[in-house]
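Trainee: Could you take me through one part of this protein closely? I would like to look at the charged pairs and then at what surrounds them.

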Amino acid sequence: MPADPIPASAASAFALPEDAAADFLDRIRRPAHILVSISGGSDSTGLLVALADRLKSFPHPDITLSAATIDHGLRAESAAEAETVAALCSRLGIAHRTGRWVGEKPKSGIMAAAREARYGLLADIAAEISANVIVTAHTSDDQRETLAMRAARTVFEDGAGTGIADAVLFDRRIWIVRPFLGCRRSDIRDYLSRQSIGWIDDPSNEDPHYERVRIRKSLAEQTDGRIDGPDAREVERTALSAAAAGWLAAHVTVHCCALGEIRSEGLRADAKLLRYALSNLAAVFGGRAFPAGRDRMDRILDFLAAGIEGRRTAAGVVFDLRGGGLFLMRESRGIAPLTVAPGEAGIWDGRFEVTNRGRHTIRVEPKADVGDDLFSKNLPKGAIRRAGAALPEIRAIDGIPRGWAGSDVTVSPYFAPFDRFLTRFDLMFADRLAVSFGRTPYLCPPL
């Protein structure tokens, strides 16, 4: 078994599994149907057992517990392990489903691809059984490893970056909550051992080929196992999101879902707030899944501080500074076409979701001609031209005339940094952004 990287002297800083389960069940909005993601490892097995024990001791008729195992098909033993988990669930009286990741697996980035597949399958199972929240068993050990891995990669200033979020909205359709984020793995294993319940050890958790395993082994050699104030980081990040949401409401207007206008007074805001807001806005207007990096944003902030009119490009977005303020728009190059078959949907350029409910295959490309009536007359013509050229145009193929677009095709804004995975920390900013783009707000967290 992996070494415990957190010494016993720090135990008082962590929650016991049974207490964490009780706290989660007390706080969840009811009625609730909870889908527990269980691999058979100690953490997820402990989570399922702790929740089941709590509900057995303190029944809640308006809380239902189900479980799901995702077989990634990456190891020969995975199918048998899923059956072992199903047997445990049967003994506990908990309904269980197994989802399987089928198809060709990527040769690189396998862990990230497996994570995407796992959450997609869990969300599908949740929809099938009408579960309204998914729980996973990330622990304080996982948190510490994640913070170590992200330390050198954060786009935020010291103190504003966070590790694993306690709640994440997946694919705009279901919240994933981590009730054990304050628990140590050693305490979870002690809890299971007291109940004579075993678990499965995944050999990949010892494979130094993976970054997380290397970090885990490095942390195990350190004598100080404390996590340096994750709660403070979470509070600061949430406060930054709230402040940026207020800034967005006061100083930013979005035109035609393609041109962001930031009035001059908004550019005098605190540098930390500007870095957070502009890096996320750049990701949205540029169709990128992650905020623009610190180095790029520092160059943009230096450009804005100089106050000299001109343009800079970063992360696929043009930052156009003029006397009236700053304008953001997608850079016109590198926009690939998208083909959408009948009955299908797709994401074009990371910025627009296109759904084809018609009978013809369609092609989505940058707009060839920008009508003068699309944008307000008082906006800069150069900004209008660039933003308009990055708008989507729907063209049906199969012999339908160029420029055709029917009511059976819908196009809606897509926020690449938020619409797949939205942390609770960023919810307020993302919600305000949805309002600015004329979209409905995100789902409320279940706690």
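Mentor: What follows starts with the salt bridges and moves on to the sheet, the hairpin, the cores and one helix. Keep in mind that this is a predicted model.

Start with the charges. Side chains of opposite charge can pair when their charged atoms come close. The structure holds 29 salt bridges. Take Arg330 and Asp349. Their closest N and O atoms lie 2.9 Å apart. This pair links distant parts of the chain. Arg330 sits in strand β11, which covers residues 325-330. Asp349 sits in the loop between β13 and β14. The two are 19 residues apart. Both Arg330 and Asp349 are buried.

Now turn to Arg363 and Glu365. Their side chains meet in a salt bridge, at 2.3 Å from N to O. Is each partner buried or partly exposed? Arg363 has 31% relative accessibility, so it counts as partly exposed. Glu365 has a relative accessible area of 16%, and the cut-off for buried is under 20%, so Glu365 is buried.

A further pair is Glu393 with Arg395. Here the closest N and O atoms are 2.8 Å apart. Both Glu393 and Arg395 are buried. Salt bridges also join up through shared partners. Glu116, Asp124, Asp171, Arg173 and Arg420 form one network in this way.

Go back to the loop that holds Asp349. It runs between β13 and β14, and both of these strands belong to an open sheet. The sheet has 3 strands, in the order β13-β14-β17, with antiparallel pairing. β13 (345-348) and β17 (409-413) stand at the edges. Each has a single partner strand, so one side of each is left without a neighbour in the sheet. From one strand to the next, the twist averages 20°. Strand β14, residues 352-356, pairs with β17 over 5 bridges. In that pairing, Thr355 has Thr410 of β17 as its bridge partner.

Next, the hairpin of β9 and β10. Strand β9 covers residues 310-314 and β10 covers residues 317-322. They run antiparallel, joined by 5 bridges. Thr313 stands opposite Val318 in β10. The hairpin has 2 residues between the strands, and Ala315 takes a positive phi near 55°.

Then the nonpolar side. The largest nonpolar core has 77 residues. Which members touch the most others? They are Ile34, Trp247, Leu278 and Leu281. Helix α9, residues 271-286, gives the most to this core, with 9 residues. Look at Trp247. Leaving aside neighbours within four places in sequence, Trp247 is in contact with Leu273, Leu274, Ala277, Leu278 and Leu281, among others. Its contacts also include Val252, Ile262, Gly266 and Ala269. A second, separate core has 23 residues, including Phe327, Leu379, Leu391 and Ala396.

Finish with helix α6, residues 185-194. Why call this helix largely enclosed? Of its 10 residues, 7 are buried, so the rest of the structure largely encloses it. Charged residues are on that buried list: Arg185, Asp187 and Arg189 are among them. Ser186, Ile188, Tyr191 and Leu192 are buried too. Just after α6, Ser196 takes a positive phi of about 55°.

Terms used. Residues are numbered from 1 along each chain as its sequence is written. This is a predicted model: local features need pLDDT of at least 70, side-chain atom pairs count only at pLDDT 80 or more; totals for chains, interfaces and linings use all residues. Side-chain values use heavy atoms; hydrogens and water are left out. Two strands pair if DSSP finds at least two bridges between them. Helices (H or I, at least four residues) and strands (E, at least two) are DSSP runs, numbered from the N terminus. A nonpolar core is a set of buried Ala, Val, Leu, Ile, Met, Phe, Trp, Tyr and Cys residues joined through side-chain atoms within 4.5 Å. Buried means under 20% relative accessible area, exposed over 50%, partly exposed in between (1.4 Å probe, protein chains only). Contact means heavy atoms within 4.5 Å. Axes are lines fitted to C-alpha atoms, for helices over the stretch in contact, and angles run from 0 to 180 degrees between N-to-C directions. A salt bridge is a side-chain nitrogen of Lys or Arg within 4 Å of a carboxyl oxygen of Asp or Glu.
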